[in-house]
Amino acid sequence: MLLSLFSSCTQAQGKDEIDNGGDQTVNYPDTEQEEKEYTMITKDRGILIDYLGTIYQPALFNTSEQCTYSKIIKLEHNGENNGTLLATRETVGAGDNFYPVYRSKDNGETWKRIAVVMDDYNEDGKLGWQPFLYELPCDIGDMKEGTVILAGCSRNATGEFNKSMITMFKSTDCGKSWEGFATIATAGAIDYGVWEPFLIYEESTGRLYCFYSEDFQPSHSQQLVYKYTTDMVNWSEKKEAVSCSNSALRPGMISIAKLGNGQYFAVFEVVGITGNPIYSKTIDSLDDWGDVSKYGKLVKSTDNKVFGSSPWCAW
């Protein structure tokens, strides 16, 4: 199997430095061990793209709408609907208060919008930021295998923006209709909020984990935290996954893949270092992150490129 990482990259200078375009040269910290260690990506193992299609495109000359933070899944636990692709995105500049859901039944060649998800769960809530799609691989509590979960960031719809919430919605008909069922975290607005949910199931414990970023703790500019559930109703207390020893740094946008050996490979950006470099951690359990103050390993290619911002990994 191939472990793939998707992110932007930039040419590194020297072994562990990068020129930021000015007089300053940035040393990338790596706290996994005293000696520098890296997660290496070989330059000769690229991904062959067989088909490049368009899911949605704003109207011509519409320069305000942004198609950002897109997510896509392939259904694998829905019987005759297996192979169906579902996608969503942010709606910045297009109302900024809903998630459109698109469907493809021909492996991405054509797409149709089949639903609009609005916040029917939080009083005075509106959606639009940082959606995440996930298909339950088995029954969890009363939710059946194949239920599609959409997690996202909801905010207060009226008055001054002063609230952010990690809220979840479910669909039992392959994305055609949706119902809110949980808000697992609530905080303030920009620089005081909760953002960027990521869902993953751990078979050995029967837990569905939700990882997310929070930036309202006085002791850290931002940290990566998580909660988990075994019944889709009751959620654990919040725990830390990555909380950098340098409190000014902002780890975020986590992505996690289960490897063939049963371990988990996590990648995340670290804002506050030039280029927002990507770091990785390999763990045995989603509930054991070791020393959370350590960044992990800097992700570099064998031809000395450093990856930066908005990573995604898959096994």
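This passage describes strand pairing, buried residues and a surface patch in the structure. The model is predicted.

Strands of a sheet pair through backbone hydrogen bonds, either parallel or antiparallel. Strand S6, residues 85–88, has pairing partners in S5 and S7. Strand S5 spans residues 71–74 and runs antiparallel to S6. Four bridges join S5 and S6. One residue of S5 can be followed across: Ile-72 has Ala-87 of S6 as its bridge partner. Strand S7 covers residues 99–104. The pairing of S6 with S7 is also antiparallel and also counts four bridges. Here Thr-88 stands opposite Val-101 of S7.

The side chains of S6 are covered on both faces. Leu-85 and Ala-87 lie on one side. Leu-86 and Thr-88 lie on the other. All of these residues are buried. Two of them also appear in the bridges described above: Ala-87 pairs with Ile-72, and Thr-88 faces Val-101.

Ile-72 also has a place at the surface. Together with Ile-55 and Tyr-56, Ile-72 makes a nonpolar surface patch of about 240 Å². Tyr-56 sits in a loop, between strand S4 (38–41) and S5. The relative accessible area of Tyr-56 is 32%. Tyr-56 therefore counts as partly exposed, since this value lies between the 20% limit for buried and the 50% limit for exposed residues.

A second group of strands forms an open sheet. Four strands take part, in the order S13-S14-S15-S16, and their pairing is antiparallel. Strand S13 (194–202) and strand S16 (239–242) are the edges, and each pairs on one side only. From one strand to the next, the twist averages 30°. At the S16 edge, strand S15, residues 223–229, runs antiparallel to S16. Three bridges join S15 and S16. In one of these pairings, Tyr-226 has Lys-239 of S16 as its bridge partner.

Cysteines were examined next. A disulfide is a covalent bond between the sulfur atoms of two cysteines. The structure holds zero disulfides. Two cysteines were checked for burial. Cys-244 has a relative accessible area of 1%. For Cys-313 the value is 3%. Buried means under 20%, so Cys-244 is buried, and Cys-313 counts as buried too.

Terms used
Residues numbered from 1 in each chain as written. Predicted model: local features only at pLDDT ≥ 70, side-chain atom pairs only at ≥ 80, totals over all residues. Heavy atoms only, no water. Buried < 20%, exposed > 50% of the residue type's maximum accessible area, 1.4 Å probe, protein only. Helix = DSSP H or I, 4+ residues; strand = E, 2+ residues; numbered from the N terminus. Pairing = 2+ DSSP bridges. Disulfide = S-S within 2.5 Å. Axes fitted to C-alpha atoms, helices over the stretch in contact; angles between N-to-C directions. Patch = residues over 30% accessible without salt bridge, like charges linked within 9 Å, V, L, I, M, F, W, Y side chains within 5 Å. Areas by Shrake-Rupley, 256 points an atom, 1.4 Å probe, with all protein chains shown as cover. Salt bridge = Lys/Arg side-chain N within 4 Å of Asp/Glu carboxyl O.
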